[in-house]
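Trainee: Please take one part of this chain and go through it closely. Then set it against the rest.

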Amino acid sequence: RTANHSDRCRPGGMNMLNDLAGYTRRHPARLPSEAYCIPGIPVSFVLCSKYQRTVFTTRDAPGVIGESLHVNAQNQGIDLRAYCLMPDHLHLVAQVSRDGGNLLRFLHGFKTWTGRVLPSIGFPTPVWQRSFWDRHLRRDEPLRPVIAYVVRNPAEEGLCDDWRHWPYMWLDRPAEEYGLWE
């Protein structure tokens, strides 16, 4: 069953423990939009291809996606920390720069641009699932484990023997600075 707006907004309107099993929603729970504008707080994102198509590591897709991430980040005041392109999804760690920015606008611009360019070079539409998953790190939470998870994902999934050989990832600094060689 889908909860309607009045049920969700009325105090005590939904007993979440009893209703979670039947509760459906169209996208993951999202923090208030202001949370996506706080400088210096890393956020880990997962963006999936529509219908779990395995197209992101084929042909020109890696170049288009990488270029779009960097251009949109620069235009929206976002510091990219790391990303790893998998066949059917993208792991991304980014944060708002000191000068200010908006992670939601960045992701919207990125998905819109790649959603237009990739089909123009023969990729199926739609490119992306409608929403995405995200996790905001706490101020005292170390970044290293999150970066390690992102870059080691291809080896964990059996796509390569060693994460250092995966050609579709990027780090904002040498892996040694994140302590990833250990």
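**Helix 4 and its surroundings**

Mentor: Start with the outer face: turned away from the buried side of helix 4, it carries the exposed residues Arg105, His108, Arg116 and Ser120. Exposed means over 50% relative accessible area, buried under 20%, and partly exposed in between (1.4 Å probe, protein chains only). Helices (H or I, at least four residues) and strands (E, at least two) are DSSP runs, numbered from the N terminus.

This is a predicted model, in which local features need pLDDT of at least 70, side-chain atom pairs count only at pLDDT 80 or more, and totals for chains, interfaces and linings use all residues. Residues are numbered from 1 along each chain as its sequence is written, and side-chain values use heavy atoms, with hydrogens and water left out.

Now the inner side. Leu103, Phe106, Leu107, Phe110, Lys111, Thr114 and Leu118 are the buried residues of helix 4. Viewed down the helix axis, they fall within an arc of 120°, so they line one face. That arc is taken from the directions from the axis to the C-beta atoms. Their cover includes strand 1 (43-48), helix 3 (61-76), strand 2 (78-85) and strand 3 (89-96).

Check the length. Helix 4 runs over residues 103-120, and its 18 residues should span 26 Å at 1.5 Å a residue. The expected span is 1.5 Å times one less than the number of residues. The end C-alpha atoms are 26 Å apart, which agrees.

Look at the ends. At the start, a side-chain oxygen of asparagine 102 comes to within 2.8 Å of the backbone nitrogen of leucine 104. Just after the helix, glycine 122 has a positive phi of about 100°.

Strand 2 leads to the cysteines. Cysteine 84 is buried, at a relative accessible area of 0%. Cysteine 160 is buried too, at 14%. Why no bond between them? The sulfur of cysteine 84 lies 8.1 Å from that of cysteine 160, its closest cysteine sulfur, so the gap is too far for a bond. The whole structure has 0 disulfides (cysteine sulfur pairs within 2.5 Å).

Next, aspartate 134, in strand 4 (residues 133-136). Its side chain makes a polar contact of 2.5 Å with that of tyrosine 36. Another, of 3.3 Å, goes to the side chain of histidine 136. A polar contact is a pair of N or O atoms within 3.5 Å; within protein, one must be able to donate a hydrogen and the other to accept it, and residues adjacent in sequence count only if both atoms are side-chain atoms. Beyond four places in sequence, aspartate 134 touches Ala29, Arg30, Tyr36, Val43, Ser44 and Phe45. Contact here means heavy atoms within 4.5 Å.

Arginine 164 sits in the loop between helix 5 (144-156) and strand 5 (169-171). Arginine 164 is partly exposed, with a relative accessible area of 38%. Its side chain makes a polar contact of 2.7 Å with that of aspartate 162.

Last, the whole chain. It has 5 helices and 5 strands, in the order α-α-β-α-β-β-α-β-α-β. Of its 182 residues, 45% are buried. Mean pLDDT, the predictor's confidence in each residue from 0 to 100, is 85. Residues 1-25 stay under 50. Where pLDDT is low, the predicted coordinates should not be read in detail.
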